[in-house]
Amino acid sequence: MSKEIKGSKPKKKSQFAEVMKRYFKNKLAAASLIILLILILIAIFGPLIAPYDYREMNGQLMFAKPSLEHPFGADKMGRDLLSRIIIGSRFSLGLGFLGVAVSLVFGALFGSIAGFFGQVADNIVMRVLDIIQAIPGILLAMTISTALGGGFINTVIALSVGAIPSNARMLRAMILAIRKAEYVEAADSINCSKFRIIVKHILPNAFSPVLVGAAMGIGGTIGQAAALSFVGLGIQPPDPEWGALLADGRNYITTYPHLLIFPGIMIGLISLIACLIADGLRDATDPRLKQ
């Protein structure tokens, strides 16, 4: 006798569950996500994990090379480099994630307005975004950072503004493709508000490419943050952001290369991880791979 209740239907997996199932079939992308989560945990619990106080100076350890006690060596002030990189991950990852999040929110706002309402709103929004996008991203970030000054919040603003146009354009293109879909017209026919139609029906179906672009943008944003700190416009000393660590060691590249090697490896690693995660998300959300 069958144990199933007559007339019952098997539960249908949610779209998110299906995407995650396809994503974790890509072992390289899955490993990258796990490594990213580990780095996030290290950043969160940095003060508990760091073997030494990242601000503690020791004259006897000035320019100390990597050893068992100090795996990454010490800087020009005798501060443990491993501890400074661990604490610096809080600044670098924070700038990367917040910069992408802010640009994504405003990109979604402007892209939704341009794509859904069209005509005059579309022209105004797109022309403003054209002006912003005409300026190279790093140059725009440097200009904003110079005007606002250093600091974490100002650096987030400087990094996010340049990424808004690309997010807005991508979302606008998706909305233009689906705003005439039957489910959107059905929602409009029962007098759903424009805000509800955008939030409940359009954005969830248009967000996959934007999500992939956001994953890719994390690595680029962290690289831009490092570049700003390297030239003295981002996070200011004594905060050990990875770009600031590179700036501290640039005068000793031939004599004490470990001062640049380890921060550089971390920046390169997070950029590679972001690219692999973005590739995995792109494959997992591709409708052609659902069969």
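**Exercise 1. Find which residues Ser160 is in contact with, leaving aside its neighbours within four places in sequence, and decide whether Ser160 is buried or exposed.**

Solution. Once the neighbours within four places in sequence are left aside, Ser160 is in contact with Gly99, Val102 and Ser103. The next step is to place the residue in the chain, and here one finds that Ser160 belongs to helix α7, which covers residues 152-161. The last step concerns its cover: the model, which is a predicted one, gives Ser160 a relative accessibility of 2%, and because buried means under 20%, Ser160 counts as buried.

**Exercise 2. Describe the protein chain as a whole, beginning with how many helices and strands its secondary structure comes to.**

Solution. Start with the count, which comes to 13 helices and zero strands, so that the order of elements from the N terminus on is simply α-α-α-α-α-α-α-α-α-α-α-α-α. Turn next to the extent of the chain, whose C-alpha atoms fill a box of roughly 75 × 65 × 25 Å when it is taken along the principal axes. The chain has 291 residues, of which 41% count as buried, and it exposes about 16,300 Å², with carbon and sulfur atoms supplying 66% of that area. Consider then the contacts with a separation of 6 or more, where residues 24 or more positions apart account for 71%. Finally, look at the charges: there are 28 positive and 18 negative side chains, and the centres of these two sets lie 9 Å apart.

**Exercise 3. Work out where His70 is found, whether it is buried or exposed, and which side chain its own side chain meets in a polar contact.**

Solution. First locate the residue: His70 is found in the loop that runs between α3 (46-49) and α4 (81-117). Then compare its relative accessibility, 8%, with the cut-off of under 20% for buried residues, which means that His70 counts as buried. Next look for its partners, and leave aside the neighbours within four places in sequence; His70 is then in contact with Tyr52, Leu61, Lys65 and Asp80. Among these, Asp80 is the residue whose side chain makes a polar contact with the side chain of His70, at 2.8 Å.

The loop between α3 and α4 also holds Phe63, which has a positive phi of about 60° although it is not a glycine. With a relative accessibility of 15%, Phe63 counts as buried.

**Exercise 4. Identify which residues touch the most other members of the largest nonpolar core, and which helix gives the largest share of this core.**

Solution. The largest nonpolar core has 47 residues, and those touching the most other members are Ile85, Ile197, Ile202, Trp242, Ile270 and Ile277. Its largest share, twelve residues, comes from helix α13 (residues 258-285). Another core, of 14 residues, lies apart from it and includes Phe91, Val156, Ala158 and Leu228. To see one member of the largest core in detail, take Ile85, which touches Phe72, Trp242, Leu245, Phe262, Pro263 and Met266 when residues up to four places away in sequence are not counted. As a general background, nonpolar side chains tend to be buried together in soluble globular proteins.

**Exercise 5. For Lys27, Ala227 and Leu176 in turn, state which helix holds the residue, how it is classed by accessibility, and what C-alpha distance separates it from a residue elsewhere in the chain.**

Solution. Begin with Lys27, which is found in helix α2 (residues 27-44) and has a relative accessible area of 72%, so that it passes the cut-off of over 50% and is exposed. Gly280 is 253 residues apart from Lys27 in sequence, while their C-alpha atoms are 9.1 Å apart in space.

Continue with Ala227, which lies in helix α11 (residues 208-230) and, at 32% relative accessibility, counts as partly exposed. Between its C-alpha atom and that of Ala141 there is a separation of 9.9 Å, although 86 residues part the two along the chain.

Close with Leu176, a residue of helix α8 (residues 164-178) that counts as partly exposed at 35% relative accessibility. Leu176 and Leu276 are 100 residues apart in sequence, and the distance in space, C-alpha to C-alpha, is 29 Å.

Definitions and conventions
Residues numbered from 1 in each chain as written. Predicted model: local features only at pLDDT ≥ 70, side-chain atom pairs only at ≥ 80, totals over all residues. Heavy atoms only, no water. Helix = DSSP H or I, 4+ residues; strand = E, 2+ residues; numbered from the N terminus. Buried < 20%, exposed > 50% of the residue type's maximum accessible area, 1.4 Å probe, protein only. Polar contact = N/O pair within 3.5 Å; in protein donor to acceptor, adjacent residues only side chain to side chain. Contact = heavy atoms within 4.5 Å. Areas by Shrake-Rupley, 256 points an atom, 1.4 Å probe, with all protein chains shown as cover. Lys, Arg positive; Asp, Glu negative; His and termini not counted. Charge placed at Lys NZ, Arg CZ, Asp CG, Glu CD. Core = buried A, V, L, I, M, F, W, Y, C linked by side-chain atoms within 4.5 Å.
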